[in-house]
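Morning, everyone. I have one structure to show, and I'll keep it short. Please look at the strands as we go.

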Amino acid sequence: MKYALIGCGRISPNHISAAINNNLNIVGLCDLLEERIKEKKGMFSEVSEVAEYTDYKEMLEIEKPELVAIATESGEHAKIAVYCLEHGANVIIEKPIALSLEDADMIIKTAEKNNLKVCACHQNRFNKAIQKIRGAVENGDFGKIFHATAHIRWNRDASYYQQAPWRGTWAQDGGALMNQCIHNIDLIRWMMGDEIDEVFAYTDNLNHDYIEAEDLGIAVLKFKNGAYGIIEGTNNVYPKNLEETLYIFGENGTAKAGGSSVNKLEVWRFDGENEESVLDEFSEVHKNVYGLGHTPLYKDVIAAIAEDRNPYVDGYAGKRALELVLAIYKSANDHAPVKFPLTSCSTMDFVGRFNK
């Protein structure tokens, strides 16, 4: 299968590795900055001879890839995804799928019109710890689930934002919740059955006066099944990333995924199960917060194309994660609970939110 990557920034090595691991025929790498393409080609001998492009439209016309991964600044995701879908390519879109619900809908509709696949790159769903918890949810092992909590306690300092001026802007990114925290926000919604009644939230910019959006968000969720959720997300933790955790509390079980990016099963309390052996089996160690999920995510997308089915993390999943972040933004902005579903919302609705 012919594959191309658009965007050769911070996350691109994970995509290149996943493509190599899945034996894709990598036909093009694209970025506005040629030096970034060359840097990534220097990291992987397998792509040393791959064609370089600074114009993704030209790359699509010449190479005609069947699968394209989009790893540009977030504000460009929708425009590029729709173009790729209109020109015959299935797409893997880095999180978030888009920055407005209207754009997310446009991506989904364009894919369905052209019988192509969209995958939102929420790769942590493939973590061994998360898969273990998900299996217990699907099997009903928790019994009635009472509540869940998601904590993202990370650090992003000025040097991070100086690397790419689009970060932290409403037009191209959003803040900590949309960028750093959306993976765990996706997980808590997914684990709890996806259907939310309402959310109430606070957001603030406490320590990053050089960005437009938030560096802290705290939200309480009420799910339609009667359960509750709590989200705490920040990139203010001193002096470096601390943890990303997901707890599930039910009448018959308690589970916690932790580590730097929900990569370790740290609590597993169910009658008749040996907690220590389960924790050892369902934990992973990796070098960065991006984890090991890109390779299995790519494997699933390739199979979804071959089998003509939806990917495990499809466009609708991407939209649901986006909707929850936007609902948190709206609740904090309006000082009121927000009911679901949202029909229209964009990061651009919050321009000027933290102007001092």
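I'll take an open sheet first, then a run of strands later in the chain. Keep in mind that this is a predicted model.

Start with the sheet. It is open, has six strands, and pairs in parallel. The order is 3-2-1-4-5-6. Which strands sit at the edges? Strand 3, residues 51-53, and strand 6, residues 118-121. Each of these pairs on one side only. On average, neighbouring strands in this sheet are turned by 20° against each other, ignoring direction.

Now one pair from it. Strand 4 covers residues 67-70, and strand 5 covers 90-94. Four bridges join them, in the parallel sense. Find Ala69: its opposite residue in strand 5 is Ile92.

Next, helix 4, residues 77-86. This helix lies across strands 1, 4, 5 and 6. Against strand 5, helix 4 runs at about 170°.

Move on to strand 12, residues 253-258. Is this strand enclosed or open to the outside? Five of its six residues are buried, so strand 12 is largely enclosed by the rest of the structure. Here, buried means under 20% relative accessible area.

Strand 12 has a partner in strand 11, residues 243-250. The two are antiparallel, with four bridges. Tyr247 is bridged to Lys256 of strand 12. Two residues separate the strands, and together they make a hairpin.

Strand 12 also pairs with strand 13, residues 264-270. That pairing is antiparallel too, over six bridges. Thr254 stands opposite Arg269 of strand 13. This hairpin has five residues between its strands. Look at Gly259 there: its phi is positive, near 85°.

That's my tour. Over to you.

Methods. Residues are numbered from 1 along each chain as its sequence is written. This is a predicted model: local features need pLDDT of at least 70, side-chain atom pairs count only at pLDDT 80 or more; totals for chains, interfaces and linings use all residues. Side-chain values use heavy atoms; hydrogens and water are left out. Two strands pair if DSSP finds at least two bridges between them. Axes are lines fitted to C-alpha atoms, for helices over the stretch in contact, and angles run from 0 to 180 degrees between N-to-C directions. Contact means heavy atoms within 4.5 Å. Buried means under 20% relative accessible area, exposed over 50%, partly exposed in between (1.4 Å probe, protein chains only).
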